[in-house]
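Please read the following walk-through alongside the sequence and the coordinates. It goes from single spans to the whole chain, and then to a second chain.

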Amino acid sequence: MTSTPVLRLESVRKTYRARHKETVVLRDVDLEVPAHTVTALIGASGSGKSTLLRCVNLLEEIDDGAIFLDGDDITDPRADADAVRRRIGVVFQSYNLFPHMSVLDNITLAPRRVHGVDRAEAEERARELLERLGLGGKAGEYPDRLSGGQQQRAAIVRALAVRPRLLLLDEITAALDPELVGEVLSVVRDLKEEGMTMVIATHEMGFAREVADQVCFLDAGVVLERGTSAEVFGAPQEARTQQFLKRIVEAGRL
Amino acid sequence: MTSLDKMPSAAAEDDGYVPSARRLEREAFKRGRTRKATAIAALSTLVTAVVLYLVIVNSPGWERTRETFFDPAFAKKALPDVLEGLWLNLRLLVVCGACVLVLGMLLAVARTLRGPAFFPLRALATAYTDFFRGLPLIINLLIVVFGVPALRLQGVTTDPVVLGGVALTLTYSAYVAEVFRAGIESVHPSQRAAARSLGLSHRKTLRYVVLPQAVRRVVPPLLNDLVSLQKDTGLVSIAGAVDAVYAAQIIASREFNYTPYIVAGLIFVALTIPMTRFTDWVTARMDRQRAQGGTV
């Protein structure tokens, strides 16, 4: 049997409803993420990248279609959402660290309370990860006392602490200055080296080009173009993709 | 509004979308699950109600209890007097409630002022809340209602209702000040930083950024205090003013029947429920306007 992709989306449709008005945010989205590969979602703000990630983590309920994690339909109403989320790590754009807990407690919360790891073991792993991400001395600090890049790396450690099957990164460098962007992206690069399966929504085109095995260009909720990073960045087929990439180049971001 | 607005949302889209069999199956399953959950909830409620009813009705003293507490004839007789007394409670609630909110807010804001120049004000506000929050309401009432007239000051009222209202306001504004202060302190410092960075003064930061968020958060506990105040307005009867509870008491002690108390109690409950539902509705509407997407 050929290996099942870690994540598979099948004709996913998602709409938002507000006062009788319906907006389609994702339309017929198909996606396959094989194990140990990195998929980059690119596209303008509001094209549905973040919504797609939120749907995968079941933070949003999809309207139609299905999402499979390791072959299991996780969007089935009979599926246990908490069990699904235990297998997925998420890093949010605005970090979403818990401000009332130290960095160490932020990281060990899920291992201890959800996965039943004992305190000593959870803290050991947390310190090891913090060390690796250059936050060795920050375990006892509170999130509000860290810089943006440090907070984002702490958030990555929090997501990694439970050894997720799949890591979702939602524009994790959007709020960081260029120096810190490099810092965070090198962490992601290392994770790829280790074989972590990731889906990354990003505006960092150079990074997407370098790190992604698969690139998807989303436009108005539709996957307009997909392919290897060489295909999408090197020879985009769709006029909309060409236009988007041209703007990016003009802005000096590729 | 056109008829299009009322069509099912899935069909209203013009992108040729047709719900898949998978979606229909899922929705059918969810409907079934909702039905099942509703049925279980209804059944368990019914069983609880029946058991309670049977236990109460079959208790040895039920006949006697029903006559003294649930006599329709007495209820009808007491209702006009109780309602007349209630009018006093309502007036006190509205006037005291307004004063309490204003005074409470001022006290809370005074406690958040920074800088040595404001030390006396801050200290005063702190002392005030410490004192009146700790002082039992009934003692406060006795002091104000009987103590102030005893001073025989020129031009100062001796009306027990007014003095009772003052005492209630004194105590409750101390409670409410702490509620407001908790709300103010729950607003993340980054909000204050953002407002100050725009050049807003301390006062304007409070007015336009901090307080709107703070008040929104403390609506439920605030309502708690207002409901509590509504019930405590009855305490002005210690000086002879006739409120709903005192009116019931008068009838009860004359007729040796407690039904008027039940009538007054139910009226109080009936008053607070719409108030709670109303604030729930207002806050839920505010939330809907701001957030998009699902909640987890």
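**Spans, one residue, and the chain around them**

Residues 90–110 of chain B are 100% helix and 0% strand, with 30 Å between the C-alpha atoms at the two ends. The coordinates being described are those of a predicted model. A second span, residues 131–149 of chain B, is 89% helix and 0% strand, and its end C-alpha atoms are 22 Å apart. Both spans appear in an unreviewed UniProt entry under the annotation "transmembrane region", which also covers residues 37–56, 161–180 and 258–278 of chain B.

P160(B) offers a closer view. This residue belongs to helix α7 of chain B, which comprises residues 160–186. Leaving aside residues up to four places away in sequence, P160(B) touches V145(B) and A239(B). V145(B) is 15 residues from P160(B) along the chain, and their C-alpha atoms are separated by 5.8 Å. Is P160(B) buried, partly exposed or exposed? Its relative accessible area is 24%, and because buried means under 20% and exposed means over 50%, P160(B) counts as partly exposed.

The secondary structure of chain B as a whole consists of 11 helices and zero strands. Read from the N terminus, the elements therefore give the order α-α-α-α-α-α-α-α-α-α-α, with helices taken as DSSP runs.

The overall dimensions come next. The C-alpha trace of chain B spans about 85 × 70 × 35 Å along its principal axes. Its radius of gyration is 27 Å, whereas a compact globule of 296 residues would have a value near 19 Å. Of the 296 residues in chain B, 32% are buried. Contacts can also be sorted by sequence separation: among those in chain B between residues at least 6 apart, 74% join residues at least 24 apart.

The surface and the charges complete the account of this chain. Chain B has an accessible surface of about 18300 Å², and carbon and sulfur atoms contribute 67% of that area. The side chains of chain B include 33 positive and 21 negative ones, and 8 Å lies between the centres of the two sets.

Chain A has its own annotation. UniProt, in an unreviewed entry, lists residues 7–245 of chain A as "domain: ABC transporter". Over that range chain A is 37% helix and 26% strand, and the end C-alpha atoms are 27 Å apart. Strands are thus part of this range in chain A, while chain B has zero strands.

Methods. Residues numbered from 1 in each chain as written. Chains lettered and ligands numbered in written order. Predicted model: local features only at pLDDT ≥ 70, side-chain atom pairs only at ≥ 80, totals over all residues. Heavy atoms only, no water. UniProt positions renumbered as here; feature names shortened; annotations may be inferred. Helix = DSSP H or I, 4+ residues; strand = E, 2+ residues; numbered from the N terminus. Buried < 20%, exposed > 50% of the residue type's maximum accessible area, 1.4 Å probe, protein only. Contact = heavy atoms within 4.5 Å. Rg over C-alpha atoms; globule rule 2.2 N^0.38 Å. Areas by Shrake-Rupley, 256 points an atom, 1.4 Å probe, with all protein chains shown as cover. Lys, Arg positive; Asp, Glu negative; His and termini not counted. Charge placed at Lys NZ, Arg CZ, Asp CG, Glu CD.
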